[in-house]
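Colleague: Could you walk me through this model and show me how you read its features? I'd like the general idea each time, and then the case at hand.

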Amino acid sequence: MRYLIPLIALFLTSCNSNEREIQDHNDLEQISIDVSKSEEIMMSDFFDSIDYVTLKTPDSDVIGRIRKIVIQDDYMAFLDQAKNSIWIHTAEGEYVNEVAIPVGRGPGELEQIEDIVFTGNNEIHALGAFKIVVYKMDGEYQREVPFRFFIYRFTYDEDSELYIGYAANSLNDILDNTHSGKNLIVFNNKGEIVDSFLPIPEGRQELGYLVPNKFPTYNGETLFFPHLVDTVYTITSSGASPKYALDYDDYSVTDEVFARRSIYDNSEHSAFEFTENELWANDYVSNMTFFNETDAYIFFRIGVGRTQYNVIYDKNKKESKVGPMKFVNDMDFGFVPNIYASYDTALYSIIEAGDLIRQLNDLYENEPEKYAQPNTQNLVRLARSVSENNNPILQIATFKE
């Protein structure tokens with residue numbers, strides 16, 4: 001089994017040009033990140049409001065462990081890996097349906113959902129081991145797409161009706177030389193490869209890091225950020241174009257570091273050794289997660305050594321601010337979760353009801369002056385309407401204009 005670092009707790013438009021590794025980033029928008037200047041990020045400095053929506057379900061159904069949020073104009077889809085389900089709610093948070101994927105290997109079944117896509121025509125495409133199953137939003141099974149190569153995340157180009165799979169730096173040696181060693185594999189609804197691009201750079205082979213959403217969207221574009229490559233791309237089924245170059249200065253992994261990969265083999269154990277000895281031990285930026293773009297800001301998280309940092313980039317001022325992995329919620333002093341998705345001017349997160357209750361109980365006991373604030377009292381009223389075992393709560397943090 002190839003090496004994949006788990007997420008904790010959690011170019012070019014022609015075939016020939018796709019083979020070229022991008023070296024010159026001078027023509028890209030540069031995002032400079034100075035980790036040495038990390039300081040707490042106060043939510044009131046960037047956000048105008050925080051709203052909460054209790055996700056309701058019928059009868060006694062309870063949402064399990066949400067690992068991904070997909071937002072479109074009218075609906076939201078929540079991937080529940082604990083139940084092998086996709087919950088559909090309206091944009092206002094009202095329950096629509098639960099699309100339960102049967103567990104198994106038969107038609108329409110998956111042993112585990114690895115990723116989902118929610119299309120504009122209200123279809124759910126769910127990725128499992130060597131196949132994708134497609135269901136309508138009302139739960140009606142449509143079809144499945146079998147394939148014989150390794151991908152771990154994916155997106156769907158509705159215009160071309162083609163899938164784009166992310167190989168997570170897997171060399172895919174089972175394929176021919178045309179597509180082996182590419183990070184993005186394009187295939188049709190029969191599972192046939194029609195193109196591939198973004199060759200895996202030297203030294204990154206078989207070094208994977210899985211995050212919930214490798215294909216965030218913004219303003220009608222699909223974005224993509226490879227592991228251990230400091231570039232964010234805009235992609236379609238015909239190719240990828242570099243959009244942002246991330247400059248971590250002394251914390252960027254150099255070509256010399258990746259050259260030392262040759263002294264390690266591609267086994268699971270040695271891949272971990274390389275990450276631990278060459279990246280973590282020297283405090284290089286070794287991963288990026290939760291890349292989300294909005295109208296005025298970009299938010300993402302980076303791992304430096306074994307420490308995680310949040311980054312907010314102001315697109316108008318061309319400035320970034322680096323802080324610890326949790327924002328400081330000085331607006332209503334509620335629980336601060338991980339960020340899952342973005343849409344228009346807001347970031348979307350999920351809070352477990354128990355986490356919210358415990359946070360407010362801690363405030364009540366240790367910081368009564370904050371607990372008594374009007375905004376906090378609004379949150380207290382919400383917390384009193386739920387119990388620890390209730391459904392998760394959707395948090396929507398809207399950026400300032």
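Modeller: Happy to. Let's begin with a charged pair: the side chains of Glu293 and Lys315 form a salt bridge, with N and O 2.8 Å apart. Bear in mind that this is a predicted model.

Colleague: Where do Glu293 and Lys315 lie, and what does the pair tie together?

Modeller: Glu293 is in strand β21, while Lys315 sits in the loop between β23 and β24 (319–324), so the bridge ties together parts that are 22 residues apart in sequence.

Colleague: Are Glu293 and Lys315 buried or exposed?

Modeller: Both are buried. To read that word, take under 20% relative accessible area as the cut-off. The pair also belongs to a network of salt bridges that links Glu221, Lys243, Glu293 and Lys315.

Colleague: How many salt bridges does a search of the whole structure find?

Modeller: The search finds 15. One of them joins the side chains of Lys68 and Asp115, at 2.7 Å from N to O. Lys68 belongs to strand β4 (residues 66–71) and Asp115 to strand β8 (residues 115–118), so this bridge ties together parts 47 residues apart in sequence.

Colleague: What are the relative accessibilities there?

Modeller: Lys68 has a relative accessible area of 6% and is buried. Asp115 is buried too, at 2%.

Colleague: And how does the salt bridge between Glu276 and Arg306 read?

Modeller: Its closest N and O atoms are 3.0 Å apart. Glu276 lies in helix α4 (residues 268–280) and Arg306 in the loop between β22 (297–304) and β23 (307–314), so parts 30 residues apart in sequence are tied together. Here Glu276 is partly exposed, at 29% relative accessible area, and Arg306 is exposed, at 59%.

Colleague: Let's turn to empty space. What volume does the largest pocket have, and which residues lie nearest its centre?

Modeller: With a pocket, I look at volume, then lining, then chemistry. The largest pocket holds about 950 Å³ of space. Its lining has 38 residues, and Ile71, Thr217, Gly220, Glu221 and Thr222 lie nearest the centre. Glu221 is also part of the salt-bridge network with Lys243, Glu293 and Lys315.

Colleague: Which strands supply at least two residues each of that lining?

Modeller: β4, β8, β12 (153–157), β17, β18 (221–224), β19 (231–236), β21 and β25 (339–343) each do. By class, the lining divides into 15 nonpolar, 14 polar and nine charged residues.

Colleague: How does the largest cavity read, by volume and by class of lining residue?

Modeller: The largest cavity has a volume of about 120 Å³. Of its 14 lining residues, Pro226, Leu228, Val229, Asn287 and Met288 are the closest to its centre. Nine of the lining residues are nonpolar, three polar and two charged. Strand β21 (residues 285–293) gives the most to this lining, with four residues.

Colleague: Asn287 came up there. What does Asn287 touch?

Modeller: For a single residue, I check its element, its burial and its contacts. Asn287 is in strand β21 and is buried, at 7% relative accessibility. Setting aside residues up to four places away in sequence, Asn287 touches Tyr209, His227, Arg301, Ile302, Gly303 and Gln308.

Colleague: Could we do likewise for Asn213? Where does Asn213 lie?

Modeller: Asn213 is in the loop between β16 (208–209) and β17 (217–218). Its relative accessibility is 16%, which counts as buried. Beyond its neighbours within four places in sequence, Asn213 is in contact with Lys68 and Phe225. The side chain of Asn213 also reaches the backbone nitrogen of Phe215 at 2.9 Å.

Colleague: Last, backbone angles. What should I look for?

Modeller: Most residues other than glycine have a negative phi. Phe130 has a positive value, near 65°. Phe130 sits in the loop between β9 (123–128) and β10 (131–136) and is partly exposed, with a relative accessible area of 28%.

Colleague: And what is the phi of Asp344?

Modeller: Phi of Asp344 is near 55°, again a positive value in a residue other than glycine. Asp344 is in the loop between β25 and β26 (346–351), and its relative accessibility of 46% makes Asp344 partly exposed.

Notes. Residues are numbered from 1 along each chain as its sequence is written. This is a predicted model: local features need pLDDT of at least 70, side-chain atom pairs count only at pLDDT 80 or more; totals for chains, interfaces and linings use all residues. Side-chain values use heavy atoms; hydrogens and water are left out. On a 1 Å grid over the protein atoms alone, a cavity is a set of points where a 1.4 Å probe fits but cannot get out, and a pocket is an open set with protein on both sides within 12 Å along at least five of seven lines; lining residues have an atom within 4 Å of a point. Grid points are joined across faces, edges and corners, and a volume is the space filled by probe spheres set on the points. Ala, Val, Leu, Ile, Met, Phe, Trp, Tyr, Cys and Pro count as nonpolar, Asp, Glu, Lys and Arg as charged, and the others, Gly among them, as polar. A salt bridge is a side-chain nitrogen of Lys or Arg within 4 Å of a carboxyl oxygen of Asp or Glu. Buried means under 20% relative accessible area, exposed over 50%, partly exposed in between (1.4 Å probe, protein chains only). Contact means heavy atoms within 4.5 Å. A polar contact is a pair of N or O atoms within 3.5 Å; within protein, one must be able to donate a hydrogen and the other to accept it, and residues adjacent in sequence count only if both atoms are side-chain atoms.
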